[in-house]
Amino acid sequence: MIATSERPTDTPDLGSVLRELRRRRGLSQLDLAAAADVSARHLSFVENGRSRPGRELLLRLADRLDADAAQRDTLLVAAGHAPLRPGATGAVVDGIGGVLGPGDTGDTGAPAASAVEAGRRALLSAGSPAVDTVVVATATPGRPGRPAAPEVADRLGLGDAAAFDLATVCGGFLYGLANAVGLVASGASERVLLIASDAGSPEPCPPWTTAARQWLAGAGAVVLRAGSADEPGALGTVVLGTDARRAVPSAERLYAASLRAMEAVGWTAGDIDRLAADRGEPEAVVALAGRLNVSADRRLGPAGGSAGLASSLARAARDGTLAAGHRVLLTAYEGDRTWAAAALRWPRLRG
């Protein structure tokens, strides 16, 4: 417990700030405690200064109170934690959902069904927060002049959220992550729902093996919010690049991008718990795993299309292959066009 006399005079009182936010939302202590999965007694102790909450609990309370970035920082500083801003703000994966193959949506006749269902599951996993931007990464965008994202956002009941498509084929999910990180870190969006889906595509990323075709009917989605590098779910720099002339072999491109992504978060190859790869060129992925000394039992994928990597992550989360705290290296390479890599500390998911 920190006595009032030990608190700097310019630091707000945590209990007062928390009570005011709670009252503005019309919530009782019991209501907020239930929403944040904490005991009402503990919350009472926090508000009267008898207990100082950890960073994770405080951010969870802030989420349930719909606190904006400035209000979150006020709560963090009042509790003696570092603020999310300025400079330290990044993106944190807060929820994930996936449709893993044919028949998993209950509405396989609609091209957007898998994208909508994956988005719905990701929102539930994140606690159904308000989302102000929807990004749909796809190898099969909507009809000319009719992008898929606005339709998906509407079917998810997200009101007037901004919505747009990205079409970078097998690199779609990671390119989508880069866009989402930029939106969140810049403050342009509080939360972004990123959906990767190729449902309805004839052959988006040929040649397809029989095993890889299942991903055509799949989709994966994540919810991202502002956060800091020490939080579960923290996403490092997304390294992107293109090489239309194929001047350098695919394996070299993947390896160089992976090293840059790991360097950004202070990892070495020995720190990797899981390597998640989009399909692009399977031989390049195998070569990358070899150079990083990642055994076959620690690899996810390779899958294919914009949805492949996202679907792989959703499946691994569902079956327990991915666990909270795992250090996951995400990679993608789409033939002679794009490559990407990023480091992700796997979050503690609600469901």
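A residue is called buried when its relative accessible area is under 20%, exposed when it is over 50%, and partly exposed in between (1.4 Å probe, protein chains only). This is a predicted model, in which local features need pLDDT of at least 70 and side-chain atom pairs count only at pLDDT 80 or more, while totals for chains, interfaces and linings use all residues. Residues are numbered from 1 along each chain as its sequence is written, and side-chain values use heavy atoms, with hydrogens and water left out.

**The whole chain**

Begin with the entire protein selected. Of its 351 residues, 54% count as buried. The protein has 11 helices and 11 strands, taken as DSSP runs (H or I of at least four residues for helices, E of at least two for strands) and numbered from the N terminus. Next, display contacts, meaning heavy atoms within 4.5 Å. Of the contacts with a separation of 6 or more, 76% are between residues 24 or more positions apart. With the surface shown, the exposed area is about 14,900 Å², of which carbon and sulfur atoms supply 51%; accessible areas come from the Shrake-Rupley method with a 1.4 Å probe, and for residues only the protein chains shown count as cover.

**Helix α1**

Select residues 14-24, which form helix α1. Its buried residues are Leu14, Gly15, Val17, Leu18, Leu21 and Arg22. Viewed down the axis of α1, they fall within an arc of 165°, so they line one face of the helix; the arc is that of the directions from the helix axis to the C-beta atoms. Arg23 and Arg24, on the other side of α1, are exposed. Add α2 (29-35), α3 (40-47), α4 (55-64) and α5 (69-78) to the selection: the buried residues of α1 pack against these helices.

Now inspect the two ends. At the N-terminal end, Asp13 caps α1, with a side-chain oxygen 3.4 Å from the backbone nitrogen of Gly15. Gly26 follows α1 and has a positive phi, near 70°.

**Strand β4 and its partners**

Move to residues 191-197, strand β4. Here 7 of the 7 residues are buried, so β4 is largely enclosed by the rest of the structure. Arg191, Leu193, Ile195 and Ser197 point one way, and Val192, Leu194 and Ala196 the other.

Add strand β2 (residues 133-137), which pairs with β4 in the parallel sense over 5 bridges; two strands pair if DSSP finds at least two bridges between them. Then add strand β5 (residues 219-227), which runs antiparallel to β4 and is joined to it by 7 bridges. Finally, centre on Leu194: its bridge partners include Val135 and, in β5, Val222.

Notes:
A polar contact is a pair of N or O atoms within 3.5 Å; within protein, one must be able to donate a hydrogen and the other to accept it, and residues adjacent in sequence count only if both atoms are side-chain atoms.
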